[in-house]
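Please open the model in your viewer and keep the sequence panel beside it. We will go from stop to stop, and at each one you will hear what to select and what is there.

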Amino acid sequence: MMPYEETVESRRFHSFCKVVLRHEMLDCFREFSYQNKWLISLNHLPQPMLDSICTTDQYPSDYTTFSVDGYALQISNERLANIIEKLSQPEQRLLILRFILELNDREIGRIMRCSRSAIQRRRTSVLLNLRKQLTGELL
């Protein structure tokens, strides 16, 4: 290539680069304009709306875990955890089978080798006791 052709080619390339950069700049301005028109800063949101979109980190240390038959019941309420901790193993097992595995009384009876009616009476008794303790009647 001759020096003149190199200069022309170089100028064409520089011109092309300037056009590309100019269009990129225009795209950025369009995007900023769109964002200013449709997006709202979090600072301008009312507190109730902010609360609805926020999350809270949860760690294993925030829960008390009760484990039966390989299934775990995690409780974050300390008062409820203390009450459940005082329950016997069969009562804890009954609650986990009922509320974690969502088994009915007949299925729980097969697992615990009791009749359906015995499971229903035991479950009713445990739940009534829990309710009384949580409402403060037995505390």
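The tour begins with the whole chain and then visits its parts.

**The whole chain**

Start with everything selected, and keep in mind that this is a predicted model. Switch to a cartoon view: the protein chain has 6 helices and 2 strands. Travelling from the N terminus, you meet them in the order α-α-β-β-α-α-α-α.

Now turn the model around. How far does the C-alpha trace span along its principal axes? The answer is about 100 × 40 × 25 Å. The radius of gyration of the protein chain is 33 Å, whereas a compact globule of 139 residues would have one near 14 Å.

Next, show the surface. The protein chain exposes about 11,400 Å², and 53% of that comes from carbon and sulfur atoms. Buried residues account for 18% of the 139 residues. If you colour by charge, there are 19 positive and 17 negative charges to find, and their mean positions lie 12 Å apart.

**Helix α1 and a long distance**

Select residues 3-38, which form helix α1, and pick out glutamate 6 within that helix. Is glutamate 6 buried, partly exposed or exposed? Its relative accessibility is 44%, so glutamate 6 counts as partly exposed. Now draw a distance from the C-alpha of glutamate 6 to the C-alpha of tyrosine 63: these residues are 57 apart in sequence and 73 Å apart in space.

**Leucine 45 and helix α2**

Move along to leucine 45, in the loop between α1 and α2. Leucine 45 counts as buried because its relative accessible area is 18%, and the cut-off for buried is under 20%. Which residues does leucine 45 touch, if we leave aside neighbours within four places in sequence? Show Ile40, Leu50 and Ile53, and you have its contacts.

Then select residues 47-53 for helix α2, where methionine 49 has its place. With 45% relative accessibility, methionine 49 is partly exposed. Another distance is worth drawing here: from the C-alpha of methionine 49 to that of threonine 64 is 31 Å, with 15 residues separating the two along the chain.

**The hairpin**

Select residues 64-68 and 71-75, which are strands β1 and β2. The two strands run antiparallel and are joined by 5 bridges. Look across from serine 67 in the first of these strands, and you will find alanine 72 of β2 opposite. Together β1 and β2 make a hairpin with 2 residues between them. Click on aspartate 69 in that turn: its phi is positive, at about 55°.

That sign deserves a moment of your time. Most residues other than glycine have a negative phi. We will meet positive values again further on.

**Glutamine 92 in helix α4**

Go on to helix α4, residues 89-99, and select glutamine 92 inside that helix. Is glutamine 92 buried or exposed? Glutamine 92 is buried, because its relative accessible area is 7%. Display Phe66, Ile84, Glu85 and Leu87 as sticks to see what glutamine 92 is in contact with, apart from neighbours within four places in sequence.

**Two loops with positive phi**

For the last stops, where is glutamate 102? Select the loop between α4 and α5 (105-112), and you will find it there. Glutamate 102 has a positive phi of about 55° although it is not a glycine. Its relative accessible area is 65%, so glutamate 102 is exposed.

Finally, pass α5 and stop at arginine 113, in the loop that leads to α6 (116-135). Arginine 113 is not a glycine either, yet its phi is positive, at about 60°. With a relative accessible area of 77%, arginine 113 is exposed.

To finish, zoom out to the whole chain again. Of the contacts between residues at least 6 apart in sequence, 38% join residues at least 24 apart.

Definitions and conventions
Residues numbered from 1 in each chain as written. Predicted model: local features only at pLDDT ≥ 70, side-chain atom pairs only at ≥ 80, totals over all residues. Heavy atoms only, no water. Helix = DSSP H or I, 4+ residues; strand = E, 2+ residues; numbered from the N terminus. Rg over C-alpha atoms; globule rule 2.2 N^0.38 Å. Buried < 20%, exposed > 50% of the residue type's maximum accessible area, 1.4 Å probe, protein only. Contact = heavy atoms within 4.5 Å. Areas by Shrake-Rupley, 256 points an atom, 1.4 Å probe, with all protein chains shown as cover. Lys, Arg positive; Asp, Glu negative; His and termini not counted. Charge placed at Lys NZ, Arg CZ, Asp CG, Glu CD. Pairing = 2+ DSSP bridges.
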